[in-house]
Amino acid sequence: MDEYNRVVGQQNVYAIGDCAHLLENGEPLASTAQVAVQQGPNLGRNLVKQALGEPMKPFKFQYRGDLVSVGALDAVCSPYGWSVFGATGWLLFKWVYFSKMPTMQNRFRLLSDWLLHSLQGPTVARLHYNGQSDGANEPQPGPAPQPVAAAAAPSAEPNATDRQTSLGEG
Ligand SMILES: Cc1cc2nc3c(=O)[nH]c(=O)nc-3n(C[C@H](O)[C@H](O)[C@H](O)COP(=O)(O)OP(=O)(O)OC[C@H]3O[C@@H](n4cnc5c(N)ncnc54)[C@H](O)[C@@H]3O)c2cc1C
């Protein structure tokens, strides 16, 4: 892409969001919603300018921070360099998500989804880490550890290191 989100070598083909590969300071912009929602209005205005015969404005990404949900009522956020976390971060995460949702219809569907989710619980496809170890990696009482060569010998025991976390329906 060039700085107008135009596909290089094409006159009237543009791409934004996840299907766009745009370099800024030599680095590709990440495939994130934050990039996509800034590219959309920029390209929309540029298409109007193009139709009016006016010069287009190059796209410049404005980094505004990250929002990461880390569980029920918990999120880690860095809006404009600030640090917000816990339940406050979670509320901020939800508010930004909601406010960026286009059209009232989509917002209503989103609210309905959140409400249903809180009543029904997560779907079966969602893996949940309960934060507890099953003890597989804890030091066990018993004989001293064997040398590496001996420890690597085949064993009928299941490989304990494959059970590092307890996954289950949450
Ligand atoms: C699991 C997951 C978690 C993520 N978490 C984050 C996050 O925390 N923060 C963040 O910034 N980004 C996150 N992202 C990335 C973010 O979702 C994307 O960067 C963003 O949605 C890209 O927007 P887009 O408009 O380019 O594509 P999309 O949002 O994918 O929109 C493309 C739309 O086009 C539709 N479509 C596809 N083919 C056709 C067709 N042939 N005809 C008509 N319509 C079609 C699709 O149905 C879809 O609605 C996450 C992505 C995933 C998958």
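**Close-up views of the predicted model**

**View 1. Phe93 is a residue of helix α2.** Helices (H or I, at least four residues) and strands (E, at least two) are DSSP runs, numbered from the N terminus. The model is predicted: local features need pLDDT of at least 70, side-chain atom pairs count only at pLDDT 80 or more, and totals for chains, interfaces and linings use all residues. Residues are numbered from 1 along each chain as its sequence is written. Phe93 has 19 other C-beta atoms within 10 Å and is therefore partly exposed. The terms of burial rest on C-beta atoms placed from the backbone: a residue is buried if 20 or more others lie within 10 Å of its own, exposed if 12 or fewer, and partly exposed in between. Apart from neighbours within four places in sequence, the contacts of Phe93 are Leu67, Ser69, Ala75 and Cys77; a contact requires C-beta atoms, placed from the backbone, within 7 Å. Between the C-alpha atoms of Phe93 and Asp74, which lie 19 residues apart along the chain, the separation is 9.2 Å.

**View 2. Strands β3, β4 and β5 build an open antiparallel sheet in the order β3-β4-β5.** β3 (67–71) and β5 (84–85) are the edge strands, each with a single partner, so one side of each has no neighbour in the sheet. Two strands are taken as paired if DSSP finds at least two bridges between them. Four bridges connect β3 with β4 (residues 74–77) in the antiparallel sense, and β4 is joined to β5, also antiparallel, by two. Among the facing residues, Val68 has Val76 in β4 as its bridge partner, and Cys77 is placed opposite Val84 in β5. Gly71 stands opposite Asp74 in β4. Helix α2 (residues 86–100) packs on this sheet and touches β3, β4 and β5, its direction making about 75 degrees with that of β4. For such angles, axes are lines fitted to C-alpha atoms, for helices over the stretch in contact, and values run from 0 to 180 degrees between N-to-C directions.

**View 3. The side chains of β4 alternate between two faces.** On one face, Ala75 and Cys77 are buried. Asp74 and Val76 point to the other face and are not buried. Both Ala75 and Cys77 are among the contacts of Phe93.

**View 4. Leu73 and Tyr80 have positive phi values in two hairpins.** The hairpin of β3 and β4 has two residues between its strands, and Leu73 in the turn has a phi of about 55 degrees. Leu73 counts as partly exposed, with 13 C-beta neighbours inside 10 Å. Six residues separate the strands in the hairpin of β4 and β5, where Tyr80 takes a phi near 50 degrees. Most residues other than glycine have a negative phi.

**View 5. Asn25 also has a positive phi, near 55 degrees, in a residue other than glycine.** Asn25 belongs to the loop between β1 (23–24) and β2 (27–28). Asn25 is exposed, because 6 other C-beta atoms lie within 10 Å.

**View 6. Tyr97 is located in helix α2.** Tyr97 has 14 C-beta neighbours inside 10 Å and so counts as partly exposed. Leu110, 13 residues from Tyr97 in sequence, lies 9.5 Å from Tyr97 in space, C-alpha to C-alpha.

**View 7. The ligand is surrounded by Gly17, Asp18, Ser31, Thr32, Ala33, Gln34 and Ala36.** A residue is placed in this shell if its C-beta atom, placed from the backbone, lies within 6 Å of the molecule. The shell divides into two nonpolar, four polar and one charged. In this division Ala, Val, Leu, Ile, Met, Phe, Trp, Tyr, Cys and Pro count as nonpolar, Asp, Glu, Lys and Arg as charged, and the others, Gly among them, as polar.

**View 8. Confidence varies among the elements of the protein chain, with the highest mean pLDDT in helix α1 (residues 33–52) and the lowest in strand β7 (residues 167–168).** These means are 95 for α1 and 34 for β7, where pLDDT is the predictor's confidence in each residue, from 0 to 100. The mean for the protein chain is 81, and 75% of its residues reach 70 or more. Over residues 148–170 pLDDT stays under 50, and the model has 20 contacts beyond four places in sequence for them. Where pLDDT is low, the predicted coordinates should not be read in detail. The protein chain contains four helices and seven strands, and buried residues make up 8% of its 170 residues.

Methods:
Contact = placed C-beta atoms within 7 Å.
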